[in-house]
Amino acid sequence: MVATRVLRASSCASCRLSLLRSFTSIAVPTPRFVQVSCRVRPSSNPIRHSRLYSNYKINTPNSDGRNENNVLKEEAFEEENQDLDNLEKAAGTRQDLSTVPWYLQVQSPQREPKPLSERQRIPDLPEHPPPILESLLQRISIDIGLDDLTLLDLRKLDPPPALGANLIMLLGTARSERHLHVSADRLCRWLRTTHKLRPDADGLLGRNELKLKLRRKAKRAKLLGGTSDDGGDDGVRTGWVCVDIGVVESAEGDVSVIEKPGFVGFGRQTDGVRIVVQMLTEEKRLEIDLEKLWGGILKRSKQKVLGEPDENVELDAAFNPAAPPKTVTMSLGNSTPNGPLSTVARTREFHTISSKCREVGVSSYAPYRVPQPPQLDLQELDLKDVFKSVITAIDKNDFDSARASLLKYKAHVPQLEYDNWRPFLLEQLLEHVQNIPTQEALKILGSGSSDHNSTPFLQCFYKTLSTYPTTSEMEARIWLHCFAAAINHPGYDMSALMDLHREIQSYGVPISKASYLHLIQGVLRPRADGYYHGPSGKMSQATLEILDSMYARGFDILDEEIFVELLEATSPRLDASLPSHSTYKHPDETFNLTSFPMSLVQERLHTLMMVIDVPCFRDESRIRIMELYAGQQSWKEFVNIWRMAPRLNKPQSPTMYAYLFNKIAETNNQSACMKVLRTYAPEIEREVPFVPMKGDVAKALRACLIVADPFVETKAVGDASAKGEWVGWWKKCLDASSNEGGRKVEKLLLYD
């Protein structure tokens with residue numbers, strides 16, 4: 001009875017077990033076993049207990065009963081600890097440990113710190129640096145505080161990097177993530193306010209944006225019951241900001257930034273220099289190691305320019321001596337210099353070698369061209385008779401025989417293998433349709449762009465195209481369509497041309513800039529009959545679609561050549577019957593000449609050209625635009641184009657002065673000639689570099705003087721003491737011409 005009451009009074013299971021074992025040990029002798037003692041001491045924290053290692057103790061036969069009591073107590077403590085662990089797990093209390101175990105955490109190697117003078121050293125300027133570069137380096141190093149600056153001159157890299165051609169890259173190390181974003185923000189603000197540039201910063205978080213995102217992330221982690229890992233990539237702290245400053249003015253006399261016409265590669269053609277600043281934290285800079293990456297690319301590019309062998313190419317040739325050559329080219333003769341296809345080339349190259357394509361003039365539908373390879377000896381290749389037979393058959397309109405001849409010989413002539421016969425046949429077909437009379441050309445072109453079989457010419461042309469079209473084949477189709485539209489074929493309209501453009505996009509075939517300009521001209525071509533005052537809405541929408549494709553392909557759509565082509569294509573026909581309130585006349589803005597309005601699209605293009613920050617156009621492009629405006633009598637815009645160079649702090653050339661005076665003299669307007677002479681004749685003497693008043697400039701100035709004063713020549717020659725505003729300028733022109741003639745006579749006498 002006593003034992004039952006004691007057991008009921010014990011609320012703990014361990015205590016009950018201890019009491020039962022005490023009674024059983026008195027009644028029955030208990031055998032001795034090796035007892036495992038697990039001594040556990042409760043920690044100072046009342047909730048969490050820590051376990052120590054077990055102690056093994058062997059009991060001897062002479063040990064008394066106290067050992068068993070100790071074992072029972074220790075087992076009771078162990079059970080209590082197990083209960084506490086279960087309570088902790090149920091309550092969800094965990095120790096704030098890192099998500100990565102200590103044995104998996106990778107510590108960054110300890111680097112020896114650099115001296116302060118070495119970390120703050122400003123790199124030397126490269127050859128022909130842009131004017132902004134020196135002040136930019138001072139700003140980044142001194143005011144912003146980036147360390148370990150490195151300058152990479154990538155202007156001569158071929159092909160250019162994806163960031164753009166004529167690239168200079170600066171690398172700097174920020175002290176922390178906060179310093180990184182603050183420095184990038186200050187640099188962008190300085191460029192906008194001081195140099196009026198529009199930098200683009202990738203990875204930049206604005207003011208207080210980083211702090212706000214980190215605060216939100218910590219709040220989310222707290223709500224989810226987890227802990228934030230400061231060591232991993234959290235998607236907020238990137239450690240890298242790329243500031244693309246944009247295209248800046250290049251140095252005077254820098255020939256490295258002038259690209260050859262027809263360049264194909266990454267980036268867009270420009271006359272300026274693009275500067276990019278890479279800002280990184282120290283850990284991110286060591287991780288990606290941009291200096292090593294671009295250093296290797298520059299080394300390979302220099303080896304290619306100097307003609308040094310490349311190690312990778314030598315290894316490939318050593319391990320695979322039977323490999324075919326990288327480039328297979330062929331040259332086909334017996335074609336006229338002005339033919340549609342002058343040469344044939346099929347090139348297989350590494351992706352790091354750029355292709356050189358020859359540009360095609362597009363002011364009128366020029367003959368179609370393909371990339372020109374080195375000329376080979378036709379006698380040695382024994383191809384002369386083959387090509388002669390093909391050309392003769394095409395001239396006789398026997399297109400099937402011409403195609404059959406090439407198919408017959410292609411298996412025996414290496415230069416005609418791998419479909420190299422296709423570009424040559426397309427060349428001859430396009431040259432044939434260009435040289436025949438217009439009526440015959442309209443006949444062999446069939447009913448329209450969807451007609452592929454109605455005439456032998458179309459059958460041969462479309463059978464020559466391969467299943468998977470190449471660049472030359474697509475450009476040949478564009479040229480044929482635009483040529484048909486130029487001779488007013490009704491079946492080759494704008495909708496068919498846009499279907500061809502979408503087909504090119506679906507195949508993913510790259511085409512040249514000249515072919516894109518052909519597409520724009522074909523879309524904006526006005527009708528042969530009727531009044532035209534600018535393109536329609538469908539024409540404008542189609543043109544924008546083509547420009548989007550050009551931009552996606554890496555072409556600079558804000559290029560002067562594209563502006564000229566768009567202005568010429570949207571030029572309205574002159575309508576002299578417009579009311580007087582639609583015209584404009586001003587002594588300074590139009591030289592007192594009546595200026596007629598432009599088409600709406602042309603006016604928007606002109607405004608865009610004047611507003612955006614583009615380099616000054618070349619003299620050839622400006623003369624083309626001014627000639628266009630003079631023809632449609634838009635004299636206000638004519639003067640704006642003339643003033644483009646002074647507005648951009650560029651000098652006027654003698655060619656531009658000669659063109660201005662000649663064009664105003666052709667108007668035979670006395671008031672306009674007097675205004676131009678009084679405004680711009682004194683500018684010739686103040687021009688830097690000096691513009692000599694001789695040659696074409698003196699001749700154009702005298703033509704303008706005769707319109708301003710028809711008797712100026714009689715006054716200047718008849719009376720040596722005659723004075724007057726126009727007489728003085730006439731004498732200056734005569735003195736400059738006489739001095740030039742005297743110098744020529746002196747040179748002749750010296751040579752004799």
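1. Let me start at helix α26, in what is a predicted model. The buried residues here are Met 656, Tyr 657, Ala 658, Tyr 659, Leu 660, Phe 661, Lys 663, Ile 664 and Ala 665. Note that a lysine, Lys 663, is on that buried list along with Leu 660 and Phe 661. As for what they touch, the buried residues of α26 pack against four helices: α23 (619-631), α24 (635-642), α27 (670-686) and α28 (696-708).

2. The geometry of α26 checks out. The helix covers residues 654-666, which makes 13 residues, and at 1.5 Å a residue these should span 18 Å. The C-alpha atoms at the two ends are 18 Å apart, so the expected and modelled values agree. After the helix comes Asn 668, with a positive phi near 60°.

3. Now the sheet. Five strands make an open sheet, and walking across it you meet β3, β4, β7, β6 and β5 in that order, with mixed pairing. The edge positions go to β3 (147-154) and β5 (200-202); each has a single partner strand, so one side of each has no neighbour in the sheet. On average, neighbouring strands here are turned by 15° against each other, ignoring direction.

4. How is β3 tied to β4? The two run antiparallel, and 6 bridges join β3 to β4, which covers residues 167-174. Two of the pairs are easy to find on screen: Asp 153 has Ile 168 of β4 as its bridge partner, and Leu 152 stands opposite Met 169 in β4.

5. On its other pairing, β4 goes with β7 (residues 273-281), this time in the parallel sense and over 8 bridges. If you want a landmark there, look for Leu 170, which stands opposite Val 277 in β7.

6. Is β4 buried or exposed? Buried: 8 of its 8 residues fall in that class, so the strand is largely enclosed by the rest of the structure. Its side chains split into two sets, with Leu 167, Met 169, Leu 171 and Thr 173 pointing one way. Ile 168, Leu 170, Gly 172 and Ala 174 point the other way, and both sets are buried.

7. On to charges. I'd flag Asp 153 again, since besides pairing with Ile 168 this residue forms a salt bridge with Arg 155, the closest N and O atoms being 2.8 Å apart. The two partners sit in unlike surroundings: Asp 153 has 29% relative accessibility and so counts as partly exposed, whereas Arg 155, at 6%, counts as buried. In total, the structure holds 26 salt bridges.

8. Helix α8 (residues 282-288) has a salt bridge within it: Glu 287 and Lys 284 both lie there, 3 residues apart, or about one turn of the helix. Their side chains meet at 3.7 Å, N to O. With the salt-bridge cut-off being within 4 Å, this pair does qualify. Glu 287 is exposed, with a relative accessible area of 59%, while Lys 284 is partly exposed at 21%.

9. Another pair to look at is Arg 285 with Glu 291, whose side chains meet in a salt bridge at 2.4 Å, N to O. Arg 285 counts as buried, at 11% relative accessibility, and Glu 291 is partly exposed, at 23%. Elsewhere, Asp 499, Arg 502 and Glu 545 are joined into one network by salt bridges that share partners.

Terms used. Residues numbered from 1 in each chain as written. Predicted model: local features only at pLDDT ≥ 70, side-chain atom pairs only at ≥ 80, totals over all residues. Heavy atoms only, no water. Pairing = 2+ DSSP bridges. Axes fitted to C-alpha atoms, helices over the stretch in contact; angles between N-to-C directions. Buried < 20%, exposed > 50% of the residue type's maximum accessible area, 1.4 Å probe, protein only. Expected span 1.5 Å × (residues − 1). Contact = heavy atoms within 4.5 Å.
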